[in-house]
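Student: I have a structure here that I haven't looked at before. Can you walk me through it?
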Amino acid sequence: MTLLAAAATSWMVRAQPAPEKPLEGKLESSREEPLAPQYKLGRELYIKNCSYCHLVIPPEVFPSDTWRALLLDSYHYGRQVQIDFRPEKLLVWQYLRDYSRALQEKEPVPYYFAESRYFRALHPKVPLPKRPNTASCLPCHPGAKVGNYLRLSAEWEEKP
């Protein structure tokens, strides 16, 4: 029965395509920003399950193709993870899918946020480590631990 539930959830995540048109004006880079009611539980589950190991990043950093792959893959960034929150996974997927961005034509699917065109566009002059990780966010984004990437440290508040 457990195997059947896992297979059904994975099928549902695969079967639900990304919206043809992302939610316009609905990107959210902070937990304090308004969120459509039907996505609140999905966001909370995303934060709860993913922040156990690392900082959560805003959905718009990755295209929905990346989020789908991450939710379906149990080998997550070099570690075997147990993603067994079956019905909840669908809620997380719906939140990430609808608040992420579309993949542009001929754009490779990024699996690390430093490969994301969105991330690179927002950090053009930021001296990043060779292999940035979510801990690299904290010096500039002091609210990152609670999912707030809009607030910047005093050093970066003055820079363009």
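Student: Which residues touch the most other members in the largest nonpolar core?
Tutor: They are Tyr 46, Ile 57, Trp 67, Tyr 95, Leu 96 and Phe 113, out of 24 residues in that core. A nonpolar core here is a set of buried Ala, Val, Leu, Ile, Met, Phe, Trp, Tyr and Cys residues joined through side-chain atoms within 4.5 Å. Buried means under 20% relative accessible area, exposed over 50%, partly exposed in between, with a 1.4 Å probe and protein chains only.
Student: Which elements give two or more residues to this core?
Tutor: Helix H2 (40–50), helix H3 (64–72) and helix H4 (86–99) do. H4 gives the most, six residues. Helices (H or I, at least four residues) and strands (E, at least two) are DSSP runs, numbered from the N terminus.
Student: Is this a predicted model, and how are residues numbered?
Tutor: The model is predicted: local features need pLDDT of at least 70, side-chain atom pairs count only at pLDDT 80 or more, and totals for chains, interfaces and linings use all residues. Residues are numbered from 1 along each chain as its sequence is written, and side-chain values use heavy atoms, with hydrogens and water left out.
Student: Back to Tyr 46. What does Tyr 46 touch, not counting residues up to four places away in sequence?
Tutor: Its contacts (heavy atoms within 4.5 Å) include Trp 67, Val 92, Tyr 95 and Leu 96.
Student: Which residues of H4 are buried?
Tutor: Among them are Leu 90, Val 92 and Trp 93, and also Lys 89, Arg 97 and Asp 98.
Student: And the whole chain, what pattern does it follow?
Tutor: The pattern is α-α-α-β-β-α-α-α along the sequence, from six helices and two strands. Of its 160 residues, 38% are buried.
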